[in-house]
Amino acid sequence: MKIRPLHDRVVIKRLEEERTSPGGIVIPDTATEKPIRGEVIAVGNGKILENGETRPLDLKVGDRVLFGKYSGTEVKVDGEDVLVMREDDVMAVLEG
């Protein structure tokens with residue numbers, strides 16, 4: 001199944017966090033927090049402005065992004081957990 005978000009929404013797949021501390025200690029699953037980094041896997045057509053025009057989104061498929069810990073709505077697509085959120089909930093694009 002493909003998913004296409006509407007308007008200014010994006011679909012993000014969380015990126016796994018490191019499970020080893022800088023000192024080499026392995027962190028168990030129960031002690032880790034939800035990752036706040038992800039990869040954009042789908043984007044909507046754009047934000048509809050008050051005058052009726054559509055402003056294209058700054059994000060594109062493949063961008064790696066930072067978002068708030070409790071941002072978006074978790075949904076399951078093809079057995080995989082993804083987040084659907086507005087572009088405004090994305091704080092930054094990771095480059096490099």
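**Note on an all-strand predicted model**

1. Histidine 7 is partly exposed, with a relative accessible area of 40%. The model in which this residue appears is a predicted one. Histidine 7 belongs to the segment that comes before β1. Its backbone deserves a look, since histidine 7 is not a glycine and yet has a positive phi of about 50°.

2. The residue that follows in the numbering is aspartate 8, also located in the segment before β1 (9-14). Is aspartate 8 buried or exposed? With a relative accessible area of 5%, aspartate 8 is buried, because buried means under 20%. Beyond the residues up to four places away in sequence, aspartate 8 touches Gly46, Lys47, Leu57, Met85, Arg86 and Glu87. With one of these, arginine 86, there is a polar contact between the two side chains, at 2.6 Å.

3. For the overall plan, the protein has eight strands and zero helices. Read from the N terminus, the order of elements is therefore simply β-β-β-β-β-β-β-β. Of the contacts with a separation of 6 or more, 61% are between residues 24 or more positions apart. The protein has 96 residues, and 27% of them are buried. Its accessible surface is about 6900 Å², with carbon and sulfur atoms contributing 51% of that area.

4. Which strands form the open sheet, and in what order? Six strands take part, in the order β6-β7-β1-β2-β5-β8, and the pairing is antiparallel. The edges are held by β6 (73-77) and β8 (90-94); each has a single partner strand, so one side of each has no neighbour in the sheet. From one strand to the next, the twist averages 45°.

5. The pairings can be followed across the sheet, starting from the β6 edge. Strands β6 and β7 are antiparallel and share five bridges. Within this pair, valine 75 faces valine 82 of β7. Next, β7 is joined to β1 by four bridges, again running antiparallel. Here valine 11 is opposite valine 84 in β7.

6. On its other side, β1 pairs with β2 over five bridges in the antiparallel sense. Isoleucine 12 has valine 40, in β2, as its bridge partner. Strand β2 (residues 37-43) then pairs with strand β5 (residues 64-67) through three bridges, also antiparallel. One position to inspect is glycine 38, which stands opposite valine 65 in β5.

7. The hairpin of β6 and β7 has two residues between its strands. Aspartate 78 is found in this loop between β6 and β7. Its phi is positive, near 55°, and aspartate 78 is a residue other than glycine. Aspartate 78 is also exposed, at 55% relative accessible area, because exposed means over 50%. Aspartate 8 is by contrast buried, with a relative accessible area of 5%.

8. Which residues make up the largest nonpolar core? There are 10 of them: Val10, Ile12, Val40, Leu57, Leu59, Val65, Phe67, Leu83, Met85 and Val90. Strands β1, β5 and β7 (80-86) each provide at least two residues of this core. Why might residues two places apart in a strand appear together in such a group? In a regular strand, side chains alternate between the two faces of the sheet. Val10 and Ile12 are both in the core, as are Val65 and Phe67, and also Leu83 and Met85.

9. Several core residues come up again in the contact lists. Leucine 59, a member of the core, is in contact with Val10, Val43, Val65, Glu87, Val90 and Val93, once its neighbours within four places in sequence are left aside. Among the core residues, Leu57 and Met85 are touched by aspartate 8. Glu87 is listed for aspartate 8 and for leucine 59.

10. A further polar side chain to examine is arginine 14, in strand β1. Is arginine 14 buried or exposed? Its relative accessibility is 18% and arginine 14 therefore counts as buried, given that the limit is under 20%. The side chain of arginine 14 makes a polar contact with that of glutamate 74, at 3.4 Å. Aspartate 8 is buried too, and its side chain has a polar contact with the side chain of arginine 86.

How values were computed:
Residues are numbered from 1 along each chain as its sequence is written. This is a predicted model: local features need pLDDT of at least 70, side-chain atom pairs count only at pLDDT 80 or more; totals for chains, interfaces and linings use all residues. Side-chain values use heavy atoms; hydrogens and water are left out. Buried means under 20% relative accessible area, exposed over 50%, partly exposed in between (1.4 Å probe, protein chains only). Contact means heavy atoms within 4.5 Å. Accessible areas come from the Shrake-Rupley method with a 1.4 Å probe; for residues, only the protein chains shown count as cover. Two strands pair if DSSP finds at least two bridges between them. Axes are lines fitted to C-alpha atoms, for helices over the stretch in contact, and angles run from 0 to 180 degrees between N-to-C directions. A polar contact is a pair of N or O atoms within 3.5 Å; within protein, one must be able to donate a hydrogen and the other to accept it, and residues adjacent in sequence count only if both atoms are side-chain atoms. A nonpolar core is a set of buried Ala, Val, Leu, Ile, Met, Phe, Trp, Tyr and Cys residues joined through side-chain atoms within 4.5 Å.
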